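Colleague: Could you walk me through a few of the helices here, slowly please?
Modeller: Gladly, let us put the structure up and begin.

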Amino acid sequence: MGLTAPILSATWGSANPAFDPAALRLTPSGAAQAPFFGILEFLDSGAAFRDAAGAPIIGPVGVFRLHPQAVQRLGALAQGRYALPGQPHHRILPEALVFTLAGPAPDQSPQTYDPGDSLGRTEPMSFHDHRGLIVDPIAVAALFDDLMTAFPALDAASGANRSGGGGVAAIAGLASGIQVQVTDLHGKPYVAVEGGPGVEKRNGDTATGSPDANGLMVPAAGEVLAGAGETAPARLRLGWYTGGTMAAGPLALPQLPAAITLPRQFLRAFATDLDWHILGNRSTGVQRGVPAEDGKMPADLRPKVRDGVTIDYLADGPDLLAESGRIIGRLAGADGSPLVFAVAPQIAAGVGVPPATSAAGHWPAFPGLDTATGLPAGSITPLTGATAAWTSGVDVLVTLPADSLPNGTSVRIYAQRFQLIDSIGEAPSFLRGDGGSAIVAAGQATQILVANPLGIAATDPKPSPAVLVFDLAVTPRRGARRLFANRRLDIAAGPAALPADPFATPDPMAMVPPSMQSICPAPLFGMTRTVSPATGLSNPIDIVRALGSESEPREGPRHPTMGRLESIVVSGVGSPQLDTGLDWDGVLSGAHWTRATRSALLRDGNPGNPAGPDTHLSAVRATGALGYDLARHAIRRAQSLLPLPGGTGATSLGWVAMSGGDNMNPPAPNSANPPAAGSSAGALLQSVAAIAETPELSLLPAGNPLDTGTAISFGQVIDDIAAALGLPPVSGSIDVANQDRLINEIRREYFLSRDGSRDALWSLVRAIAEAEELVYLETAGLSRTARPDGVPATGEIDLISLLAQRLTVRPNLKVIIAMPREGDFAPAPFARRAFAQRKEAYDLLAGAAPGRVVAFHPRGFPGRAAQLRGATAIVDDVWSLTGATHIRRRGMTFDGSAAIASFDRDIAAGYSRKVQAQRIALMAARLGVQQLNADGAPTPEFLRLARPASAFALIRDLLAQGGAGLIQPLWHGPQDTTVILQSNDVADPDGSNGAVAGVGLAAFLSEA
């Protein structure tokens, strides 16, 4: 097996090294000997490895590495020997031995060494694991000694000299006991924040000590790790770095199987303060180097971390639609007083959803029957005998003869045309249009409805004669697709009858009452506004109201050019496992409820799905109290605070009345029969401009009852609100329970309306400020999130500058950014400015860390740009922010959005299992790579996604090849000057004080 064999050495030197217990380093006595069969290489920087304090090793290093396969084999042996049934073994195995400040001889290349060979190095040395974190060298010696005893084939010297000077048994005797290092999830020694929980070791109820500055301590037999401080039970979670589910504690030391002893053991425990890790620094002062928030939202009204919930991450549209359909379908036959809400930028009818997530909702299993057939060998002629005819409108019906393709094959027509798009260039662009799609059925002609392939305007006549120029993509259930490019069909006069729509059902959104829906089709983002605001408005409140509508579905108030970008589908049903409230389940994304969301396998033509824009997206599902928070957010979108004039539906009671019942109480588990607890923790974070939610509340004077801590009655509050809205007193006509809860909900609405919200910003600031390995971003736009004029105001934080600073002080940190090539703005002046801002932000990051920042565009079908709906940030595979909050100033402060910050407490090999799986799934979807190839073997690209460093290297290598057909290199926008760029303040506004001055309806009606 060569290098892949885990062969160990009985000796590490001619005499025992010196051991530094604080730094966890050895200094060889003479030249160090190879502790295993490995490769020695020399690096200019040791930043990929961290010292005992969690800081990167600075300066040149020599790195002696175990082969990855040898590491896996050694790990399998350790698991079998040290693990108790159903548990990880928890003893950390090294992957590398690092010599600090090691300069190589001239032209020295990587070289293999047999176990026991002299490495010729005398510098201090330390062992490190797969994350680069340090491992106690005495514990490594104890492990290697025991493994060679148990498995003699591992010992290259067959037991010779193990107990003599420099032998592993002698080195294992240099220290004893169980050394524990307590770190945060990023690998730094855990440090409590002000008012937050600490960590201590405890014997019974007696505290016996706490970790030192490097997080190290040596618990005695029978001692446990536990939280310290009043906030520990609610906020602190402890668990072993090597695997298992973090919990409130106490955390007992893992036991060895009977008859196995190790004189020295090393364990790493994760400790996390849930509030700090998920919400960020919500204090008014800098803590642990993390900037403070703005302090505008009272502490009791801030987002709450919901622990013990289930959070699942979704990587594409079919999974999102399938989950949404399941969530809405829960209402059928549900007990209690079930509720359902749906909000999205657009909600269209006739969006058929897959039956389930994963393989069952994707090609080739879905739609219809998987015929398991491929295309016949040799050439095929599916267009022989094909016809095209106009329908009664501007669409064209293409008909392929029966059985010209195998049963179950997906066909997609892309109409070709040239079109001038000001936002991306001054010359006409060749486009493969959205076209049409269908599924072949045996014995029947295949009819494909191609939507307006010639781009005919409503007032234009149809050309005669007319020719359809198109590409045909044919994707079988098995095997590769084939493309028939640049084909032509004469378009007959018709009119052809419309075929049956194969993609319209099942449409679960039909079950959601319009009064429980909300939309926001903002023209800036390429949608058609459904309201016609009055002209001549100048009062900001009037403008905000004019762009909304109290119709059903409701369009909430908003500033000109502002979007409300979140999409939520959430339902609550009665459950005997709850004493009060409902069993909530919901999904959050940035998707539109349109057919474009049913989009996957884009390079294959999105087989089995309706034609439309090529669309990538991410989503997050949440249950329990976090699902309840989604419902609280959604009801505010679907209903105004109180019924307002102009509503078209008698069912719009206002969210105060609708949420007053017990079914909108927080879910309270039944103590005798509680629902199963999940392993995730998260919080729903809202971002929105000031003067946008219930804008009239922003006019209430300072010191009003909502703005003070004095006791107030529900009747007083509701009448004050009615007066602010220009309504007569309503307290006598609204009789609701749970008035204390509603008072706080109204208080929160007041502060949201007055000051807006920047919850996602504070969470991102903390995550970026403590990032160590990889920041992975998906965002429709990228720009600086603050452009202060002089000294920044409190809470005015530029995430791009903060990330650049972190890259400077953490030379191992890397950044991957996935963005749509053409952004998400429709008007050319806004799009052109967004390109310039994107380049500015990228240049700032790349300049701070050359070679450690990569950006790319996910591809659609060849020749087509892909959209990216929603936004995701993942840091070190231990923290995730998923939703609709984009990394730009308007995303943090202006556009309405929601996102869930979360992590899963189920830890696997030093990472959050679900968060790491989310990053891998997202990157695989953006690259269009599958886990297995046609032969069932793992694909090389997918394997490289497993770890943060190798995932970064994969993107870097692909970009060096121009994208290799999987991705596109970053495009900095068109270079012509035919379009005047919109200003920074208008294109990317700061909404912390409402709309930007001068952005009114008169000047920006088409973009508003």
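**Helix 11 and its surroundings**

Modeller: This is a predicted model, and a simple check on helix 11 is its length: at 1.5 Å a residue, its 17 residues should span 24 Å, and since its end C-alpha atoms are 24 Å apart, the two agree.

Colleague: How many of the 17 residues of helix 11 are buried?

Modeller: In helix 11, 13 of the 17 residues are buried, so the helix is largely enclosed by the rest of the structure.

Colleague: And at what angle do helix 8 and helix 11 pack?

Modeller: Helix 8, residues 624–638, and helix 11, residues 739–755, pack at an angle of about 65°, with their axes 13 Å apart, and their crossing is right-handed.

Colleague: Which residues make that contact?

Modeller: Helix 8 contributes Y628, R632 and R636, while helix 11 contributes R741, E745, R748 and E749; sorted by type, the residues of this contact are 1 nonpolar, no polar and 6 charged.

Colleague: Switching topic, which residues are buried in helix 10?

Modeller: In helix 10, which covers residues 714–724, the buried residues include F714, V717, I718, I721 and A722. Seen down the axis of helix 10, its buried residues fall within an arc of 135°, so they line one face of the helix.

Colleague: What do the buried residues of helix 10 pack against?

Modeller: They pack against helix 9, residues 655–658, and against helix 11.

Colleague: Last one: what follows helix 10?

Modeller: Helix 10 is followed by G726, which has a positive phi near 80°, and just after helix 11 comes G756, with a positive phi of about 75°.

Methods: Residues are numbered from 1 along each chain as its sequence is written. This is a predicted model: local features need pLDDT of at least 70, side-chain atom pairs count only at pLDDT 80 or more; totals for chains, interfaces and linings use all residues. Side-chain values use heavy atoms; hydrogens and water are left out. Axes are lines fitted to C-alpha atoms, for helices over the stretch in contact, and angles run from 0 to 180 degrees between N-to-C directions. Helices (H or I, at least four residues) and strands (E, at least two) are DSSP runs, numbered from the N terminus. A crossing is left-handed if the near helix is turned anticlockwise from the far one by less than a right angle, and right-handed if clockwise. Contact means heavy atoms within 4.5 Å. Ala, Val, Leu, Ile, Met, Phe, Trp, Tyr, Cys and Pro count as nonpolar, Asp, Glu, Lys and Arg as charged, and the others, Gly among them, as polar. The expected span of a helix is 1.5 Å times one less than its number of residues. Buried means under 20% relative accessible area, exposed over 50%, partly exposed in between (1.4 Å probe, protein chains only). The arc is that of the directions from the helix axis to the C-beta atoms.
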